[in-house]
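Thanks for asking me to look this one over. My notes follow as numbered points, so you can check each against the coordinates on your screen.

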Amino acid sequence: MLKNYFKIAFRSLLKNKGFSFINIFGLSIGVAACILISIYILHESSYDKHIANSEDVYRLNRDYIDGERVDAGIHFSANTAPTLLIDFEEVENSGRLMSNGLFWGAGSNEIRFDGEDTQHYEEGFAYADQSIIDIMDIKMVYGEAKTALSKPSTIVISKTIADKYFKNQNPIGRSMFLNGNNEIPFKITGVMENFKSNSHLDFDFFITLKDVEFGEGEQTRWFQNNYFTYVVLRSGIDVKAFENKMDRTLMEKYIKPSYKLAGFAGWEQAHEREKMYLQPLTDINLYSTHVDFESSSRNDIKVIWIFGIIALFILIIASINFVNLSTAKSANRAKEVGLRKVVGSSRSQLIKQFLVESMVISLIAFCVGLALAALIMPVFRTMSGVALELPWTSFRFFLTILASSLIVGILAGLYPSFYLSNFRPINVLKGKLSSGSKSKGLRSSLVVFQFTVSVVLIVGTLIVNKQMSFILNSKVGFEKDQVVQLYSTNVLNDRIETFKEELKKLPGVSNVTISDYLPIEGTKRNGNSFVNEGRDGIDETIPGQAWVIDEDYIGTMGMNLVDGRNFIVGRASDEQAVIINQAMAKALRLDDPVGKRVSRFGELWEIIGVVEDFNFDTMKTSVRPLCFFRGISPSIVSIKMKSQDVYTVLSSLENTWKAFVPNMVFRYEFMDTSFAKMYDNVSRMKLIFTAFAILAILVACLGLLALSAYMVEQRNKEMSIRKVLGASIQTIFRLLTKNFLALILVALVIAIPIAYYLMYNWLQDYEYKVEMSWTVFAFAGIIVMVIALLTISYHAMKSALINPAKVLRSE
């Protein structure tokens, strides 16, 4: 019997080629979308789970509470990790990691190996304790994992770096020099396996923290926070209870006394303003978007949910096509059902037959969808920014595909099977069946659902595009266009000022500044505490950025001084002066700040100017307090160009660079490009939203196209009679399209409030955002109405133009 079911199923597919194509093609698109998004979600949710005992590994986090505002931080003092290991028996291991480019050696460096003269630029440097290798379960290609960072001035490199510079060689014992400093060789003591793509760490170099101190007393101060701190808890520990104990003990025993000794105001209430807690290692990737100064960009669990729901809805839309078309063409199979029942087929046999047909269509669609996913994967990989692969070698993957195809086939075919098998033979054979009319209400509801989802996706795409355009084109308080950043200029040492003056002489260059502190991600940040003169130990300190700049910085960046003056070359008093932003003036409650003095760690600085607020974080946060200090931070030189002939200016810049450092590569980037990179996640979201919105509307329109064809076919006689009685083409067209357009209008009414709610909540993540005007929703509605009208017009016009004699000649 089962063999017979499959025979009939394939005959039905071949007999109804158009129906079969639309169902299989539409469903395969939904399947491909689901496969791609599922692989993406599995990858993003699998971060750090490959690490041994990952369920017992945590990162220390801290919330800074200021009224209703809560800022999350992940940097702690140097002595936090060892104290946790010594004072708490619940802690099995602890370790520190420091990747802040503010400190020499971390971030990026120019490197040279012993016996060579050539300098090479590399990124991905971090300082680490030996215990980090143990905690993160880092495997070694060469060297001993247990002792790789146990001695001073040692360094571990990744397999990628080893293959790049020591192909087919063991580099253990070789020495590396950083940034032209030939006095401090770092001995290579290990080559580690590359971090997996689903690891929250992505470093190529680990420099030991053994005997390292970044400034006098840095290793013992509880308020100098520069390190990520990781802990391994013993199995079976009540994490919540330990968090409370840890927070209370560290605060009362160490942090409060340290604040008191340093003269910090409000040290008694420190426990109310700071709360320490543990973040599971496996949560870092998806639950850290609220954290300041992450080592790299993280994903957002909300985005994962959104993409998952979108993929599921596209699959549902495609399944709805099957239900709609199966019930709509019921008249075509009514006689078949009637005859089968007359010759003895039971209803259960007919249900099984129709379910087998549904599962065959689903299985074919899943196979086609898998092939489509393989073809689209390279494009999707680029869109998502993740190195994804289809798990061809996984038996579980194919088992899941097979099971999903059967489940989708059964669910999609359930209603049509019961509906078609319920026909009464006597009514069918007498021609009393109203073709597909009994399921009209269900079909209408499903069409409404399809287009509701499509409208929500279109609105989402429009708003994400609008927000992205707003971010990239709005005024951010500085000029990012035609500014070139030259990197690794710290190798010039004392010649950097001469280099700057030579650049200023070039035609096409309007200004030049030396500073590693730029209003884009990936450059230096330095959190300090400030208070008004005479208020040390009385007022609570104001957290703010302390940036080192030269006198040409404000002009090169196109910033606006709203009060006071800029730094002046050669003016001795400016060595003890600062320029603050408006946010700092507001935080310090200074109405007329110029001439006032501000204290930083007890040292007084005179405010000589106030710069208009500019965005130096992403637009998800408001502008924070900032102070400019005069000095040299020499790793980046920024050049403002005045010429439109960019290539000529770049050529001049490169020639000047080669004249100073002939053995080094000329590396540069435009600031507007660097600025755009800050929003790579939003750009990727925009691309994926757009792609899936197109897929959703395509699948929905495929179903609408086929549905309109069947509806028009069923009303051909009616329309022909109307034409004979004098109905115009316009009247016929209106009669055939108005019901479909009414369904689209209902979908719009339902979709608009849903889309508004979802996108309103998404925009709340941004401090600076676009307004959701009615025009966005109107435009989305027009798009859907036009596409739907074009889809159904073909068959409607075909019916309106048909010769009535051809249709009615048999009557």
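1. A word on terms before the sheets: two strands pair here if DSSP finds at least two bridges between them. Please also keep in mind that this is a predicted model.

2. With that in hand, let us start with the sheet that has the order S15-S23-S14-S24. Its four strands pair in the antiparallel sense, and the sheet is open. At the edges sit strand S15 (509–514) and strand S24 (668–670), each pairing on one side only. On average, neighbouring strands in this sheet are turned by 20° against each other, direction ignored.

3. Within that sheet, have a look at the pairing of S14 (residues 483–487) with S24, which is antiparallel and runs over three bridges. Valine 484 is the residue to find here, since it stands opposite phenylalanine 670 of S24. Then turn to helix H14 (residues 496–504), which lies across S14, S15 and strand S23 (636–641). The helix runs at about 165° to S15.

4. Helix H14 also brings us to the charged residues. Side chains of opposite charge can pair when their charged atoms come close. Lysine 500 and aspartate 550 do form a salt bridge, with their closest N and O atoms 2.9 Å apart. Lysine 500 belongs to helix H14, while aspartate 550 is in the loop between strand S17 (542–549) and helix H15 (553–556), so the pair links distant parts of the chain, 50 residues apart. Are these two partners buried or exposed? Lysine 500 counts as buried at 1% relative accessibility, and aspartate 550 is buried too, at 2%.

5. Two further salt bridges are worth a click. Lysine 524 and aspartate 516 meet through their side chains at 3.2 Å, N to O, and aspartate 516 is buried, with a relative accessible area of 2%. Glutamate 533 and arginine 597 meet at 2.7 Å, N to O. The latter pair also links distant parts of the chain: glutamate 533 lies in the loop between strand S16 (527–532) and S17, and arginine 597 lies in strand S20 (residues 597–600), 64 residues away. Glutamate 533 is partly exposed at 39% relative accessibility, as is arginine 597 at 37%.

6. Salt bridges that share partners also join a group of residues into one network: Lys500, Lys504, Asp550, Glu551, Asp552, Glu575 and Arg630. For the whole structure, the count comes to 26 salt bridges.

7. Now the cysteines. How many disulfides does a search of the whole structure find? The result is zero. Take cysteine 367 as an example: its sulfur is 16 Å from the closest cysteine sulfur, that of cysteine 34, which is too far for a bond. Cysteine 367 is partly exposed, with a relative accessible area of 48%, whereas cysteine 627 is buried at 0%.

8. Two glutamines deserve a friendly mention, beginning with glutamine 467 in helix H13 (residues 440–473). This residue is buried, with a relative accessible area of 0%. A polar atom of its side chain lies 3.2 Å from the backbone oxygen of tyrosine 768. Leaving aside neighbours within four places in sequence, glutamine 467 is in contact with Trp762, Leu763, Tyr766, Tyr768, Lys769 and Val770.

9. The other is glutamine 130, in helix H4 (residues 130–135). Glutamine 130 counts as buried at 14% relative accessibility. What lies 2.7 Å from a polar atom of its side chain? That is the backbone nitrogen of leucine 149. Not counting residues up to four places away in sequence, glutamine 130 touches Ala145, Lys146, Thr147, Ala148, Leu149 and Ser150.

10. Last, please follow strand S10 (residues 181–192) and its partners. Strand S7 (residues 140–143) pairs with S10 in the antiparallel sense over three bridges, with methionine 140 bridged to methionine 192. Strand S8 (residues 154–158) runs parallel to S10 and is joined to it by five bridges; here isoleucine 157 has valine 191 as its bridge partner. Strand S9 (residues 175–178) pairs antiparallel with S10 over three bridges, and methionine 176 is matched with phenylalanine 186. The hairpin of S9 and S10 has two residues between the strands, and asparagine 179 takes a positive phi near 55° there.

Definitions and conventions:
Residues are numbered from 1 along each chain as its sequence is written. This is a predicted model: local features need pLDDT of at least 70, side-chain atom pairs count only at pLDDT 80 or more; totals for chains, interfaces and linings use all residues. Side-chain values use heavy atoms; hydrogens and water are left out. Axes are lines fitted to C-alpha atoms, for helices over the stretch in contact, and angles run from 0 to 180 degrees between N-to-C directions. Contact means heavy atoms within 4.5 Å. A disulfide is a pair of cysteine sulfur atoms within 2.5 Å. Buried means under 20% relative accessible area, exposed over 50%, partly exposed in between (1.4 Å probe, protein chains only). A polar contact is a pair of N or O atoms within 3.5 Å; within protein, one must be able to donate a hydrogen and the other to accept it, and residues adjacent in sequence count only if both atoms are side-chain atoms. A salt bridge is a side-chain nitrogen of Lys or Arg within 4 Å of a carboxyl oxygen of Asp or Glu.
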